[in-house]
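The following exercises are to be worked with the sequence and the coordinates at hand. Each task is followed by a solution in steps.

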Amino acid sequence: MTGRDILVVEDEEDIAEAVRARLASEGYRVRVVSDGPQAIEAVAKERPDLVVLDLMLPGMDGLEVCREIQRDEWIPVLMLTARTDEADKVAGFAVGADDYLTKPFSSRELAARVRAIIRRMERISGMAATEPITRFDLTVDAARRRVLRGDEEISLTPLEFEILLALARSPGVVLSRDHLMDRVWGYRDYAGGRVVDSHVARIRRKLKDEAAEPNYIRTVHGVGYAFKEDDGSSPHGGR
Ligand code: CA
């Protein structure tokens, strides 16, 4: 895969240079900036295909930058973080990061993550010809990357969208966390289960699907998740 534009936002010169060199050797066009305001400007002007974003930046931190660059249009973000605790990872996902890498990381690992994100993007754009899926009052439209609940548009991040799509495609089929991790993220991770759970929790919040008896996504304890089968009853309990 060549010809993709990647913006690297990193204030530590050694790391920035290592990341730049590796990605350039993989055939990507790479631009490096060292702080948040420059990153926001570069994204607005150049619309890169992917942003590699350090969490700890001077002045404006990575989470704020991530939120800001996602404001108008989704753009895939790989977050670099020196902190290892889960809370930060989950916080990163909540502002729209697609993946994270904890420092120190190898340049081989970095390249693999970038490839996985780009493959995922290509898969999403390859879905352009598929028909929307309708389950209960929910419409999952892969071609337009849209989710409607009734007439209301639900805004999901790309990862959330893919998880929902995977589940909605085969109602009643239980998908394990590992399977979802493999399929949606393109690799597995020691924290995989937790990460999948936090995404499903956010999808449910957005779909208002958090009741004891869920309308759409069922938890299968110890295994994973399944989309509810349409048995003809109303999705909202009672007609
Ligand atoms: Ca830094």
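**Exercise 1: a small sheet**

Strands β10 and β12 are joined by two bridges and run antiparallel; strands here are DSSP runs of E with at least two residues, helices are runs of H or I with at least four, and both are numbered from the N terminus. Two strands count as paired if DSSP finds at least two bridges between them. The model is predicted, so local features need pLDDT of at least 70 and side-chain atom pairs pLDDT 80 or more, whereas totals for chains, interfaces and linings use all residues. Residues are numbered from 1 along each chain as its sequence is written, and side-chain values use heavy atoms, with hydrogens and water left out.

Task: Determine the strand order of the open sheet of three strands, and state which strands stand at its edges.

Solution.
1. In β12, G224 is the bridge partner of S176.
2. Strand β12 (residues 224–227) is also antiparallel to β11 (residues 217–220), through four bridges. Within this pair, T219 stands opposite Y225.
3. The order is therefore β10-β12-β11, with antiparallel pairing.
4. β10 (175–176) and β11 are the edge strands; each has a single partner strand, so one side of each lacks a neighbour in the sheet.
5. Three residues separate the strands of the β11 and β12 hairpin, where G222 takes a positive phi near 80°.
6. Helix α6 (residues 158–169) lies across β10, β11 and β12 and runs at about 60° to β12. The angle, on a scale from 0 to 180 degrees, is taken between N-to-C directions of axes fitted to C-alpha atoms, for helices over the stretch in contact; contact means heavy atoms within 4.5 Å.

**Exercise 2: the calcium site**

Task: Identify the protein donors of the calcium ion, and state whether D54 is buried or exposed.

Solution.
1. Donors are N, O and S atoms within 2.8 Å of the metal (3.2 Å for Na, K and Ca); water is not among the atoms, so sites may look incomplete.
2. D11 (OD), E12 (OE), D54 (OD) and M56 (O) meet this criterion, at 2.1 to 3.1 Å from the ion.
3. Their spacing along the chain is D-E-x41-D-x1-M.
4. Buried means under 20% relative accessible area, exposed over 50%, and partly exposed in between (1.4 Å probe, protein chains only).
5. D54, at 1%, is therefore buried, whereas M56, at 42%, is partly exposed.
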